[in-house]
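Colleague: Could you take a close look at one helix pairing for me, and then show me how it sits in the rest of the chain?

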Amino acid sequence: MYILIKDLAQHVGEEVTIKGWLYNKRSSGPISFLELRDGFGFVQGVAVQKGLSAEVWQACEEVTQESSIEVTGEVTKHPKKENVFELQIKDFKILQKAIDYPIAHKEHGPDFLMDNRHLWLRSKRQWAIMRVRDAIIMAINEYLHQQNFIKTDSPVFTPNACEGTTTLFAVPYFDLGEAFLSQSGQLYIEAAIASVGRCYDFGPVFRAEKSKTKRHLTEFWMMDAEAAFVEHEENLKIQEGLVRHIVRYCLEHCKEELTILERNMENLKKADAPFTRYTYDQAIVKLNEMGSDIKYGEDLGNDDEGLLTKDSEVPVFIEKWPKSIKPFYMKRSVENPDLVYNDDLIATEGGGELIGGSQREDDIELLNVRIKAEGLNEADYAWYSDLRKYGSVPHSGFGIGLERAVRWITGVEHIRECILFPRTISRLKP
Ligand code: 4AD
Ligand code: MG
């Protein structure tokens with residue numbers, strides 16, 4: 001019977017067939033240990049020369065790393081390890097023999113691995129990261145539906161900027177001039193909430209950012225959520241609920257993957273507790289006390305984010321920033337019109353900014369003043385202003401960067417491993 005490696009536990013004592021690839025091989029004379037993978041898991045196959053036909057033993061001997069294979073054998077329990085199974089090989093077919101697979105089970109430099117990303121994806125580590133990524137997507141979809149959000153989606157070709165004009169990718173667009181690849185679908189789902197109340201989009205967004213850091217991609221996946229009649233306080237509650245749900249979901253569903261990645265799961269577990277909150281003002285005071293030379297009115301850098309969270313077991317919200325360093329759409333504070341009702345959520349353990357969110361300006365006059373002040377073309381944003389003209393309501397939303405979340409949950413150092421084929425300022429291939 002053909003089965004998946006993940007289902008081995010249900011077939012102890014039975015003869016089964018696995019289809020996949022050879023991951024690794026160790027031989028000691030008349031015994032061969034063949035590590036097999038099928039996309040759903042990994043299992044050690046044991047081939048003993050004595051019990052096999054010459055032809056089958058020969059196949060076990062000559063099989064190479066990453067050859068595609070079909071293996072039949074009896075499922076047994078590992079003699080020492082709980083919940084680990086083995087396959088006592090009876091038949092072994094090589095479907096296609098891989099010659100000179102370039103990635104060996106040893107250290108390779110990052111450039112070599114990135115050039116071979118199409119093959120590197122098969123490593124146990126990349127397998128685990130992709131599975132955690134999927135779990136995070138599942139967790140996000142689950143939580144948002146529990147909170148009555150529905151998935152609408154936003155266009156990728158857009159006529160104007162959402163997050164500032166300096167990081168736009170322009171593409172020629174027929175007779176209409178230039179289109180820009182979306183930086184965030186937020187403005188569009190603000191329109192959709194007047195129809196459906198709460199919604200989100202989840203797709204690729206683009207930033208022509210010259211940043212060469214371990215957390216920046218030029219193409220990444222963002223989930224933007226937006227909700228009518230939700231103000232600043234409740235916005236933060238929804239964000240905290242989402243992030244804690246992601247943590248719980250991954251701890252429940254990704255134990256094997258997080259173990260492969262050597263992620264400290266105790267630390268993750270501790271992050272599922274009420275988040276800390278600082279206002280921007282408090283954060284600047286605290287940072288200066290801790291030795292940072294950041295000045296009031298400046299954006300927080302990587303080092304500042306690291307300093308603020310270094311002793312924290314839970315993610316930290318920084319709320320109510322000066323409007324001068326935040327986008328035009330954020331709602332000005334009633335107590336202090338120089339501030340806006342917004343937040344950045346900073347992850348623990350060097351995870352950096354996970355979420356950017358805010359209550360949106362719902363007053364058409366104030367919004368138009370901000371659009372003008374930012375030097376944006378009012379005509380381009382006329383449809384967006386319309387939303388404040390016809391039944392304006394208080395509303396809020398936020399965006400979470402998927403690969404940032406993957407990087408934090410998996411604990412991997414560089415964001416380039418958090419997406420199948422990363423696009424950065426210096427990489428477009430493969
Ligand atoms: O803080 P940002 O720029 O916020 C927005 O775009 C809002 N329109 C979202 C909203 O309110 N709907 O981006 C949101 C998140 C960041 O917190 C970060 O996690 C991620 O997107 N992000 C990046 N991830 C990878 N590479 C980059 N270059 C990123 N820039 C932002
Ligand atoms: Mg941000």
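Modeller: Let's start with who meets whom: Gln186, Leu187, Tyr188, Glu190 and Ala191 on the α5 side meet Trp383, Tyr384, Leu387 and Arg388 on the α12 side. Sorted by class, that contact has 6 nonpolar, 1 polar and 2 charged residues. Keep in mind that this is a predicted model.

As for geometry, two packed helices are described by the angle between their axes and the distance between the axes. For α5 and helix α12 (residues 382–389), the axes come within 10 Å and cross at roughly 30 degrees. The crossing of this pair is left-handed.

Now zoom in on Glu190, which belongs to helix α5, residues 186–196. Is Glu190 buried or exposed? Its relative accessible area is 3%, and the cut-off for buried is under 20%, so Glu190 is buried. The Glu190 side chain has a polar contact of 2.9 Å with the side chain of Gln186. An α-helix has 3.6 residues a turn, so residues three or four places apart point the same way. Glu190 also makes a side-chain polar contact with His395, at 2.7 Å. Leaving out residues up to four places away in sequence, what Glu190 touches is Glu226, Arg360, Tyr384, Leu387, Arg388 and His395. Tyr384, Leu387 and Arg388 you have already met, on the α12 side of the pairing.

Moving out from there, have a look at Gly357, in strand β15 (residues 352–359). Gly357 counts as buried too, with 3% relative accessibility. Again setting aside residues up to four places away in sequence, Gly357 touches Asn235, Gln239, Met330, Asn342, Asp343, Gly397 and Phe398. If you want a distance to check in your viewer, try the C-alpha atoms of Gly357 and Leu345: they are 8.4 Å apart, with the two positions 12 residues apart along the chain.

Asn235 and Gln239, from that contact list, fall in helix α6, which covers residues 232–253. Helix α6 has a pairing of its own, with helix α4 (residues 124–146): their axes come within 9 Å and cross at roughly 135 degrees. That angle makes α4 and α6 oblique to each other, and α4 passes α6 in a right-handed crossing. From α4, the contact takes in Val132, Ala135, Ile136, Met138, Ala139, Ile140, Glu142, Tyr143 and Gln146; from α6 come Lys237, Ile238, Gly241, Leu242, His245, Ile246, Tyr249 and Cys250. By class, the tally for this contact is 12 nonpolar, 3 polar and 2 charged residues.

One last helix before zooming out is α13, residues 402–410. With 9 of its 9 residues buried, α13 is largely enclosed by the rest of the structure. Among those buried residues are Glu403, Arg404, Arg407 and Trp408. Right after α13 comes Gly411, with a positive phi near 75 degrees.

For the chain overall, the secondary structure comes to 13 helices and 16 strands, and 51% of the 430 residues are buried. The C-alpha trace spans about 85 × 55 × 40 Å along its principal axes. Of the contacts between residues at least 6 apart in sequence, 66% join residues at least 24 apart.

Note on methods. Residues numbered from 1 in each chain as written. Chains lettered and ligands numbered in written order. Predicted model: local features only at pLDDT ≥ 70, side-chain atom pairs only at ≥ 80, totals over all residues. Heavy atoms only, no water. Helix = DSSP H or I, 4+ residues; strand = E, 2+ residues; numbered from the N terminus. Buried < 20%, exposed > 50% of the residue type's maximum accessible area, 1.4 Å probe, protein only. Polar contact = N/O pair within 3.5 Å; in protein donor to acceptor, adjacent residues only side chain to side chain. Contact = heavy atoms within 4.5 Å. Axes fitted to C-alpha atoms, helices over the stretch in contact; angles between N-to-C directions. Parallel < 35°, antiparallel > 145°, perpendicular 65-115°, else oblique. Left-handed = near helix turned anticlockwise from the far one by under 90°. Nonpolar A, V, L, I, M, F, W, Y, C, P; charged D, E, K, R; others polar.
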